[in-house]
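Subject: Structure for you, with notes on helix packing

Dear colleague,

Please find the structure below, followed by what was found on how some of its helices pack.

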Amino acid sequence: MMSFIRSCCLYGFVLLAMVNETKNSDAARTDFPDVLTMGFEVQNPERIETNVFSDLGAWHAYTQPASAKDHGAFIGPLLMDLKGEWLGNTISKLQLKEAGKVIDLSGAKTELKYYPGLLIQEMRINDLKVELQLIFVSNRSAMINTRVYNLAGKERKLQLSWTGESLLTGVQIKKADKGIDISFKDNEHRFTQQFNSPHEMNIQVSGNGYQADLEEIRIQPDGHFSIGQTQSYYLNAAEEQATTATAFNFNKEFRANQRRWDKYLNDYFNAPGLQLSSVAQQKLAVKSIVTLQTNWRSKSKDLLHGGVFPSLNYQGFYGFWSWDSWKQAVGLSYFNPALAKENMLAMFDYQDEHGMVADCIYTDKKENNWRDTKPPLAAWAVWKIYGQSKDVSFLNTIYPKLVKYHEWWYKNRDHNQNGLCEFGSTDGTRIAAAWESGMDNAVRFDKAVLLKNNANAWSLNQESVDLNAYLYAEKGYLAKIALAMGNSKAHQEWKSQLDPLKQKINQTFFREDKGFYYDKSLEGQWIDVDGPEGWLPLWCGLADKQQFNSVLKMIKKTNKFDTSVPLATLAADHPGFDPLKGYWRGPVWLDQFYFGYSALLRYGKKEEANYFLNKLLKNAEGLQGQGAIRENYHPLTGKGLNAKNFSWSAAHLLIILKENTHDTF
């Protein structure tokens, strides 16, 4: 494995110096530009649309202050369960006094930095340097280390204290041994803060706030004083009881954090595939890794495995979605394959007796959405995870579930039993059926109606080309998985299904007069909408050379798909094209971009693939330089749209930047 220091030299990333109590930590990390711009002041506890930092699957997060008056504290924490809300603006704000006089940290020369795995505040004032470092040390605990350096030539006597206040109603703050415990009126959540110091502390609680005063300390010239605190958040009493009380040592945990992030970065950049020589692409990859790690939630309550939120910056995304999980898992497989496997298993934990996988699942399983599922890409994700982990035991565990899920489609979403499936729902509603496509409000479903298949299954009255292309690919990946498991019989059975389905898809969905793929009604009418479903069959190799060239001609049209940010979800010349309001009626989604980009590479069109990729990276807001990775992008202006820090966008960027091979079936 490439050494961390060497990786810093090659990639210009982060250098984590070993921190110990006898050395100044000025060189804790070299100057790698912040992963994301941070700066926030909590006024409304439910306003969560800002860049935050979380790690290790914890259910709480922090950010840097926007105002100088909050220097000496990290903003938050943001607490998560079925929704997100800020416990406070500053739950632990440092105050310094010397000879009874407050040293106003708002007047300090301050640097605020967000690196992979680490938040830093550094303040210089009155011949003092104050450094705060925040890392996560477990899936429930973060640790803040405070160091005060004496830069003067004489001994200093200082008083340190911390104050905090909850912005939430219905909380109860209690004094604990060298800390506080916070409980909540409406749930079992618990937040604890523990100072890790042998020094005496005086803690006073008043209403929704507290103050913790440390006994006077002495710092010799060129010396420093250090104190840590651990902040833990539990979603219920059982979690807290199951957690072994740990007195974390910050220096030890800091080095473990260094090694872990070292491994993430090395594993991704050394993984098979393209080597990223561009600094801009390297930084984008790091941002993507951080985005996925920040959206990681470990198992809790009714979520039986860990997984990844689509985005913790949007209240409606506080759960695990099946389609998102398949995509996220592939991106994760490059640097965190253990989490990739967990994210897959989390969804299959709730697979029903018929084989259906829920659209989304939550910490409260009563909220799980069983009105629909999502497009079948699970076997693709499992195969990609195996490609990085070579874990046959994982294949043995999940293969029967994948088979059951695949068969479910043909039993419940093939209305006329002709071997081609339709999107549908379990409740007979068109909106749930459109959700099942993953393209919630796509124009192609505007006139569709529902047909009943059985007591719990309805189909739209149109067969979708993308769905059947996904099912074709899944058969190919199931064949590969079976062979890797040593099941040659199943391998041959899956392989035998490919050619007949390939012919059927091309005969049914390719429109010769337009040179593009389209959905078709069960009555045989074309659904005449130009969208990404038209290039999806190329991703899995369904098109012949002539069909490919026709599709390529279509996506290169500047009035349709070759826009400033290319490969939008609806052709720009369609009357329904509305990127700002349309969601799936015009914005560029990076999963659909990936399918087109990967298809071009599959058919040997590297120049065209790079053309589209360069336009995406240059013109999509935030993909070069500062800015969060967004849910989707305006194809004409490049503006980032909808949720910030979106996981499947980050995952697909990691895939795209590495892509140089394709799977054949």
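The crossing of helix 7 with helix 10 is left-handed, a term used when the near helix is turned anticlockwise from the far one by less than a right angle. This is a predicted model, in which local features need pLDDT of at least 70 and side-chain atom pairs count only at pLDDT 80 or more, while totals for chains, interfaces and linings use all residues. Residues are numbered from 1 along each chain as its sequence is written, and side-chain values use heavy atoms, with hydrogens and water left out.

The axes of helix 7 (residues 378–389) and helix 10 (residues 465–484) cross at roughly 40° and come within 8 Å, the axes being lines fitted to C-alpha atoms over the stretch in contact, with angles from 0 to 180 degrees between N-to-C directions. Helix 7 is therefore oblique to helix 10 (angles under 35 degrees count as roughly parallel, over 145 as roughly antiparallel, 65 to 115 as roughly perpendicular, and the rest as oblique). Among the residues making this contact (heavy atoms within 4.5 Å) are Trp-380 and Trp-383 of helix 7 and Tyr-477 and Ile-481 of helix 10.

Helix 10 also packs with helix 11 (residues 488–496), their axes coming within 8 Å and crossing at roughly 165°, so these two helices are roughly antiparallel to each other. That crossing, too, is left-handed. Here Lys-475, Leu-478, Ala-479, Lys-480, Ala-482 and Leu-483 in helix 10 meet Ala-490, His-491, Trp-494 and Lys-495 in helix 11.

With best regards

Methods. Helices (H or I, at least four residues) and strands (E, at least two) are DSSP runs, numbered from the N terminus.
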